[in-house]
Structures are given as structure tokens and as C-alpha cells.
Amino acid sequence: MENRNETVLKWAQTALLAALCFVTFTFLQIKIPMPGGDATSLHIGNAFCVLAALLLGGGYGGLAGAVGMTIADILDPVYIVSAPKTFVLKLCIGLITGLVAHKIAKIGQSTDQKYIFKWSVIASICGLGFNVIFDPLVGYFYKQIVLGQPQEMASVLAKWSTMTTFVNAVVSVILVAVIYNVLRPALAKAGLLVQTE
């Protein structure tokens, strides 16, 4: 029975963090219109994807980010065609962040605040660093091969995407470092943190 309750709690937390990803991307973004009706945006949705991976582990956290941000894309006429790409990339952000934080550094088993802070920042940088490289790269090929955009347009969009994704990553790493390390003691006391993944 206890194992079942733990699973229900994990899914509830995953849903809550997916909702946070959705809300922050949908309502706290600065959309930058691009040629051809496309857009890129400055947002903090990825911060909550990374936060979910630190709190819940890579699998649940990646799923929270993937579901929340994909639903946001589906409901936005500008981003709807990018929804499949979003799902895969956000899932990867969570998996990478969770791998570094919980498999390599095992921050869930530590009580050393400096160690936890250091590795939560490193894990965030790894997950979001992946996104800085692969979001524009996958977007370039996705727009060219799947959506049929001309190579020149896909190239321009990839360059703009690289800049906005980098800014989003820097802001998100700072935000996650603060939020996670402030919330962690209370969540640990309540037994709501990943111990091992």
C-alpha cells in the first residue's frame, strides 16, 4: 500500500510541475516574431523542467517538462507545429539533469548544503546546456526536413533560437539554483525529495 501511495504522490507532483511548466511558458514569455510566421521567445518554462528533474528525478521531471511545455505548444498557433520536437527535447533536459544530479552526484542522499548547491547548479547547466545546443540544431533540421522550410530561413531561425535559448538557459540556471536550494530543506523534512533514482 505504501508503494502505491508513493506512486500516486509522484504522479501528482509530476502533474503539478507540468502545470508550472505550462503556466510559466504560456503566460510569462516574451514572444519574438520571426519571418514566415514563426517565433522564438524568452521564457522560464525550462527552469521548471529542470526544477522538476531535481525534485522528482530525471524520468518524472523530464515527463513533467515535456508534457507541460508540449501542451503549451499545442495551444499556441505559432508553436503547434513544434510540439513533437518540444516533447523530445524537454524530456531530454529532465533526463540529463536527473542523471547528473541523482545518479552521478546523488544529491538526494547528501546533507551537505554546499555540495547540493554545487551539483544542482552543475546538473542544471548540463540539462540546459544540452538544450542550448540541440534546440536550435534539432529545430534547424525539423523545420527544413519535416516542415519543408528553405535552408536559408531555417538557418536564420536557428541562429535566433540559439541566442534566445542561451539567455533562457542562463536565467533558468540562476532561478533554479535559488528556488531548489531554498525549497529543499522544507521538502526534505516533509519527505518529498528523491533519495535515489
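**Figure 1. Buried residues of helix H2 in the predicted model.** Let us begin with the residues of H2 that are buried in this predicted model: Gly-45, Asn-46, Ala-47, Phe-48, Cys-49 and Val-50, together with Leu-51, Ala-52, Ala-53, Leu-54, Leu-55 and Leu-56. That makes twelve of twelve residues, and H2 is accordingly described as mostly covered.

**Figure 2. The length of H2 and the residue that follows.** Helix H2 covers residues 45–56, and at 1.5 Å a residue its twelve residues should span 16 Å. The C-alpha atoms at the two ends lie 17 Å apart, which agrees with that expectation. Just after H2 comes Gly-57, where phi is positive, near 100 degrees.

**Figure 3. H2 against helix H6.** Here H2 is shown with H6, the helix of residues 151–189. Their axes come within 9 Å of each other and cross at roughly 35 degrees, and the crossing is right-handed. On the H2 side, the residues in contact are Asn-46, Ala-47, Phe-48, Val-50, Leu-51, Leu-54 and Leu-55. They meet Ser-172, Leu-175, Val-176, Ile-179, Tyr-180 and Leu-187 of H6. Sorted by class, this contact has eleven nonpolar and two polar residues, with no charged ones. As you follow the H2 side, keep in mind that an α-helix has 3.6 residues a turn, so residues three or four places apart point the same way.

**Figure 4. Helices H3 and H4 side by side.** H3 (residues 58–74) packs on H4 (residues 83–104) at an angle of about 155 degrees, and their axes are 7 Å apart. Angles over 145 degrees count as roughly antiparallel, and H3 and H4 are therefore roughly antiparallel to each other. The crossing of this pair is right-handed. H3 brings Gly-58, Gly-59, Gly-62, Leu-63, Gly-65, Ala-66, Val-67, Met-69, Thr-70, Asp-73 and Ile-74 to the contact. From H4 come Ala-83, Thr-86, Phe-87, Lys-90, Leu-91, Gly-94, Leu-95 and Gly-98. Classed by type, the contact of H3 with H4 has nine nonpolar, eight polar and two charged residues.

**Figure 5. Lys-106 in the loop after H4.** This last view looks at Lys-106, placed in the loop between H4 and helix H5 (113–146). Its phi is near 55 degrees, a positive value in a residue other than glycine. Is Lys-106 buried, partly exposed or exposed? With a relative accessible area of 38%, Lys-106 is partly exposed, because that category lies between the 20% limit for buried and the 50% limit for exposed.

Methods
Residues are numbered from 1 along each chain as its sequence is written. This is a predicted model: local features need pLDDT of at least 70, side-chain atom pairs count only at pLDDT 80 or more; totals for chains, interfaces and linings use all residues. Side-chain values use heavy atoms; hydrogens and water are left out. Helices (H or I, at least four residues) and strands (E, at least two) are DSSP runs, numbered from the N terminus. The expected span of a helix is 1.5 Å times one less than its number of residues. Buried means under 20% relative accessible area, exposed over 50%, partly exposed in between (1.4 Å probe, protein chains only). Axes are lines fitted to C-alpha atoms, for helices over the stretch in contact, and angles run from 0 to 180 degrees between N-to-C directions. Angles under 35 degrees count as roughly parallel, over 145 as roughly antiparallel, 65 to 115 as roughly perpendicular and the rest as oblique. A crossing is left-handed if the near helix is turned anticlockwise from the far one by less than a right angle, and right-handed if clockwise. Contact means heavy atoms within 4.5 Å. Ala, Val, Leu, Ile, Met, Phe, Trp, Tyr, Cys and Pro count as nonpolar, Asp, Glu, Lys and Arg as charged, and the others, Gly among them, as polar.
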